[in-house]
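This report introduces a structure to a reader who has not met it before. Please look at the sequence and the model, then read on.

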Amino acid sequence: MLENYELSPGEKKFIGWHLVFGILALSIGSLFGPLQAFEHAGLDLYPYLQPLFKSYYQGLTLHGVLNALVFTTFFITGFLTLTVTYGLTRPLRYPKLNAVGFWMMVVGLVTTAVPLLMDEASVLYTFYPPMQAHWSFYLGLTLVVVGSWVEGWGFYYTYYAWRQENKGVRTPFISFSSLITMVMWQIATLGIAAEILTMLLPWSLGWIDGADPQLARTYFWFTGHPLVYFWLLPAYISWYGMLPKQAGGKLFSDSLARLAFWLFLLLSVPLGFHHQFVDPGVPAGWKFLHAILTYSVFLPSMLTAFTVVASLEYAGRQRGGKGLLGWIRALPWDDPSVTAQLLAAILFVFGGIGGLTNASYNVNLVIHNTAWVPGHFHLTVASAVTMSFMGISYWLIPYLTGKKLWKPKWAVIQSWIWFVGMIIFSNAMHVVGLLGAPRRTPLGLAPYIPEEWNGHLLRVGIGGAIMFVGMYLYVFIVAKTAFAKHAEPATVEIPVAEAMHDPQETPDWLDRWVPWLIGTVALILVAYGPQLIDQIANISLTSPGFKVW
Amino acid sequence: MTTKQSMHIDPYEKNWIRLSIGLLVMFAAAVAVAGFALGIQVPTSEQRVDPKTVAEVGPWANPGLRELSPGKYEAYVLAQTWQFMPREMTVPAGSEITFYITSKDVQHGFKLQDTNLNVQIVPGQVSKLTITIDEPGEYTYICTEYCGLAHAAMFGKLIVE
Ligand code: HEM
Ligand SMILES: [Cu+2]
């Protein structure tokens, strides 16, 4: 049924606009990454950015907000629009509703960008009070989040309409997993919604005198951890539901893929205290509970590792790969979209191991707020996720524009460049972090740097330089493709992997929402309820705002 | 349309799941032993203070070391943009020091290099951690949370003699 389905030109355009804003944000936000890396290596280019950009921290705020919040949210809502409608083979139920959501996000982006560019909001992408940004920064972020909710509601209406038309049919996997991603996001973002609407926005407008910085952290990390699953799950949708097809194979297990997504819904939210292991205002017992829950969310990732590798192995063997590892070489490494996602998955293995370390309660004391942490999440969000999105865009942009990808060979090279740069960069960041180097710090200005850090900091700079090349080669390739005047027409088929077993055989309880939603809410109430009640009941709005940059 | 309701799991995958669960249980046991038996503890909620007055009244009005008994100290540290008070402290080797740290303005961090002491400093809260240092030397404590323009210059020194 899928083969004949084609998105309308209007839908393609709509998704395309998501990518335009997302990739534009990525290309501006990424400018600062190499500058930070060079600064660490002893080459401080910030004096030359005056008066356009005032400080390392203005740049770091732009880097975090544009890359981790804006690029991801725009790309993901666009991609999910595709996976929901194409998977269900039906158009959006209320396209205008989705358009409203999207343009809200754009207005929010502009509203956030203005204070950021004017150095009125250099509070980093975690915006911890009592550092206080201009109110428009908080308002803009709120609009981006609410806009993404509205797009999500549009997905739900579409799903509901499909369900009426297709009773008893299993929801196609790519749509099913997209809907779970969106539901998880809407539950998760209640944390920053509460933080901004009940505290930061009225406080920055002067309506209340003080903020409660500890409660704000608790709200923030209620959202902050599932945020990383909001980035990751769309990559998983591609790894489970699309990559096997691109590699010439099938999805190994439809039911375990679905189970993994339910477990992510269930377990993504109630473990945010693992970002607050060293916070003073959270009881240690609650931190320990969240540490254990964090281990449990590792399980669906292990399921994913197995299913994705098994699907790829099947593909490699179908292509004639022999022996224990020969199937790896037999995969289509000349396809830039496949290469990008395979390399993304390899880097993610290291990211996963590091993540387990971070989550390990008292082991966190060793690495908290050190360079180890950005070393870790450049393997996850900046590699597993970003490289997967790059790989997706290598077929998606030709699909949307009808133009062939500009020089696929260069696109393959692009992935390898990023991969090599990232290995150097992230290894150096991990090591120097273990030696005690703090994150969020222009180390060139720090008076306490021991000699032994310098070699590693140099490697941070070298890795960053290679990543710089990898990033802008990507931007160049997709821009060349999208804006080509005389490109060859592309005939792209959206890759949707078949499952080895008919999805209709997948048990019914893996396609039913109500029990899983009840479980999710119940677990959140157990893991967060008592602490939230306690911290809110004892709220003390004593901290006035500070502008210290 | 078939409606088979059993879930098919490959035998290899079953073993993989068992192995994963086993590993995670082991990790959980390891951090539990380290945390509760060996006492490598994370901070817990301690007490609240008013960040607007903490620099004027109470123990942080006069930050620094207090000797409780020979070899046993309390260190009251006040973080502010962009310095720690006190900037330097000296204790004999083998001392047990309990830190009580708070901030009078924005959030900061406190990491005592080459030890496991690492804590977030949140205005309105008191971060308490205890450590014993046997090895003589100069230990720097650095600010590990972005706290404004001169954050990179915020550090102090604990001298263990
Ligand atoms: C172009 C290559 C890139 C380089 C060389 C780079 C380098 C860096 C460095 C050195 C830091 C640490 C700064 C510090 O702690 O003082 C950093 C922070 C960060 N990077 Fe990147 N980065 C790059 C791309 C990306 C991408 C693609 C993403 C996400 C999609 C990303 C997300 C982040 C985030 C979220 C932070 C933390 C900001 C904060 O602490 O507030 N980076 N980056
Ligand atoms: Cu500080």
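How much area is buried between chain B and chain A, and what percentage of it do carbon and sulfur atoms give?

## The interface of chain B and chain A

In this predicted model, about 5800 Å² is buried between the two chains, and carbon and sulfur atoms contribute 65% of that area. The size of an interface is often expressed as the accessible area lost when the parts come together. Contact between the chains involves 64 residues of chain B and 78 residues of chain A.

## Polar links and contributing elements

Across this interface, 2 salt bridges are found. One of them joins the side chains of B:Arg48 and A:Asp212, with a distance of 3.9 Å from N to O. Between chain B and chain A there are also 23 residue pairs in polar contact, counted where both residues have pLDDT 80 or more.

On the side of chain B that touches chain A, the elements giving two or more residues are α1 (11-37) and β7 (118-121) of chain B. Helix α1 of chain B gives the most, with 14 residues.

## The iron site of ligand 1

The iron atom of ligand 1 has two protein donors, the NE2 atoms of A:His63 and A:His378, which lie 2.0 Å from the iron. These histidines come from distant parts of the chain: A:His63 belongs to helix α3 (residues 56-88) of chain A and A:His378 to helix α15 (residues 372-401) of chain A, 315 residues apart. Both A:His63 and A:His378 are buried.

The site has 6 donor atoms and is octahedral, with angles of 84 to 179 degrees among the donors. For six octahedral donors, the ideal angles at a metal are 90 or 180 degrees.

Definitions and conventions
Residues numbered from 1 in each chain as written. Chains lettered and ligands numbered in written order. Predicted model: local features only at pLDDT ≥ 70, side-chain atom pairs only at ≥ 80, totals over all residues. Heavy atoms only, no water. Donors = N, O, S within 2.8 Å, 3.2 Å for Na, K, Ca; no water. Tetrahedral: all angles 85-135°; square planar, octahedral: opposite > 155°, others 65-115°. Helix = DSSP H or I, 4+ residues; strand = E, 2+ residues; numbered from the N terminus. Buried < 20%, exposed > 50% of the residue type's maximum accessible area, 1.4 Å probe, protein only. Contact = heavy atoms within 4.5 Å. Buried area = accessible area lost by both parts, 1.4 Å probe. Salt bridge = Lys/Arg side-chain N within 4 Å of Asp/Glu carboxyl O. Polar contact = N/O pair within 3.5 Å; in protein donor to acceptor, adjacent residues only side chain to side chain.
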